[in-house]
Structure formats: C-alpha cells, structure tokens
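Biologist: Got a minute to walk me through this one? I'd like to go over the strands, a helix and an annotated site.

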Amino acid sequence: MSYKILILEDNTLLLQTLEDFLGGHDYICTLVSSGKEALKQCYENKYDLYLLDVKVPDLSGFDFLKELRASGDRTPAIFVTSLSDQESLTKGFMLGGDDYIKKPFDLGELLLRIKALLARAKGIVDDWLEIDDEYKLNLARKRLFHNQEELDINLKDFELLYLLVKERGKVVTKEMIHERLWSSSEEINEGSIRVYINNLKKIFGKDSILNIRGIGYRFEK
C-alpha cells in the first residue's frame, strides 16, 4: 500500500529532495509551496499525512493546520521547521500537530517519524513496551520513560533500543540494525552505531549491552 503525503514547503530544492527521497520509499507526494494551495489540494484530495513547513506564503503551516482541525480533519501532521523556541513548538502541538522535526534534519530520521506516525494512525503498534520495572518505551510517541519521567533520547537511539529489547537475549546483527535505522540506499555507518550503543549504555549501564565482536550486540538488562 502506498501512502499519500501532502508536502507544504516553499524551498524548491528541499521540496524536490523530499519528493525524490520519499518517492523512492513508495510514498506518493503532492508538492505545494503556499498555504492556500495546500488547502485547495486538501479539499480536492484525501491524504494519509501532512508534512508542513511553518513559514510559507499566503497561509502559515500553523494556520493551515488550524483550519483543517477546525473542519474535523484529523490527518496526522508533522511540522518541518527552522523554529526551535519552546513557544513555537508548543503552539504547533496545541494546534493539532502530531510531531515535529527541526531543520536541518536527517532524511532517515524523517522517514522513521513518518513510519511511526502512520503506524500509530492505522493502529498497527501497541502504545507501551516495558523494559523492566523502571523503564518503558512509548512506541506511538517514540519516547523512553524512567519511572514516569521522559528521558532525552534521539530517534535512532530509540529505534536501536526497541530492536535490542524486542530481541532481548538474542544477538542483534549489524545487518538488522542497518535495516532498522537506515534506508536501503544508505551505507551502514559503523561509527554511528557505536555512538548509539554508547548513548544507551549511559542510560542502562556499561554492562547492559554486550558487544558480540564482528557480529552485533545483545541486550543484557
């Protein structure tokens, strides 16, 4: 099944990059550069997800989503924005945004966020996965919690942790990690994997993840 994504972005180069990348992953993209054009497309077509810049001509991404939510449209929406202040981020969520990613961003991370949001919208995943009595993962929001307190963890750390926990007691190979964290067109990045593993060890302890030399890793917690 191919999902349809409306992309609102006034940077022509970024718009084309997103279309090429997401199109390569079987998403059908509609490209618009102004808020009013985005509204016109929404009245004429149905989409599975909105990918929205905020600062665009005619009607901002915020106002665009506000109008859609007021009309009863609950299509999942991700803000892709250079805005980073807490007030703007809070406003985006209050207006009905489901997630955001800050510019500049990694295309692989964006793809993970899109997949997670579509999965949640379609009811494919359960909300929670318990690691132990103290730690649990919120699969819908891609967040890690320790005793009800949310921890600061980036998306690829989360995806790696989910894979390790899901395969607890088994060896997670580097090929499995590559498939989970990177698109098929990207080369596996050994250095990045080590960084993500070390990030998780800082949370769970240095003995929590066993390195199986030349093969992969095993979650021991």
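Biologist: How do β10 and β12 pair, and over how many bridges?

Modeller: This is a predicted model, to say that up front. In it, β10 pairs with β12 (residues 216-219) in the antiparallel sense, over two bridges. Thr 173 has Gly 216 in β12 as its bridge partner.

Biologist: And what's the strand order in that sheet?

Modeller: The order is β10-β12-β11, three strands in an open sheet with antiparallel pairing. β10 (172-173) and β11 (209-212) are at the edges with a single partner strand each, so one side of each has no neighbour in the sheet.

Biologist: How many bridges between β11 and β12?

Modeller: Four bridges, again in the antiparallel sense. Across that pairing, Arg 218 in β12 stands opposite Leu 210.

Biologist: What about the turn in that hairpin, which residue has a positive phi?

Modeller: That's Gly 214, with a phi near 80°. The hairpin of β11 and β12 has three residues between the strands.

Biologist: Which helix lies across β11 and β12?

Modeller: Helix α8, residues 190-204, and its angle to β12 is about 15°.

Biologist: OK, switching topic. Which residues of α2 are buried?

Modeller: In α2 (residues 35-44), the buried ones are Gly 35, Ala 38, Leu 39, Gln 41 and Cys 42. Those residues are on the same side of α2, because they cover an arc of only 160° around the axis.

Biologist: What do they pack against?

Modeller: The buried residues of α2 pack against three strands, β1 (4-8), β2 (28-32) and β3 (49-52), plus helix α3 (61-70).

Biologist: And which exposed residues does the other face carry?

Modeller: Lys 36 and Tyr 43, on the face of α2 turned away from the buried side.

Biologist: Now the annotated site. What does UniProt say about Asp 53?

Modeller: The UniProt entry, which is unreviewed, annotates Asp 53 as "modified residue: 4-aspartylphosphate". In the model, Asp 53 is in the loop between β3 and α3.

Biologist: Is Asp 53 buried or exposed there?

Modeller: Buried. Asp 53 has a relative accessible area of 5%, and the cut-off for buried is under 20%.

Biologist: So what does Asp 53 touch?

Modeller: Leaving out residues up to four places away in sequence, Asp 53 touches Leu 8, Glu 9, Asp 10, Gly 61, Val 80, Thr 81 and Lys 103.

Key
Residues numbered from 1 in each chain as written. Predicted model: local features only at pLDDT ≥ 70, side-chain atom pairs only at ≥ 80, totals over all residues. Heavy atoms only, no water. Pairing = 2+ DSSP bridges. Contact = heavy atoms within 4.5 Å. Axes fitted to C-alpha atoms, helices over the stretch in contact; angles between N-to-C directions. Buried < 20%, exposed > 50% of the residue type's maximum accessible area, 1.4 Å probe, protein only. Arc of directions from axis to C-beta. UniProt positions renumbered as here; feature names shortened; annotations may be inferred.
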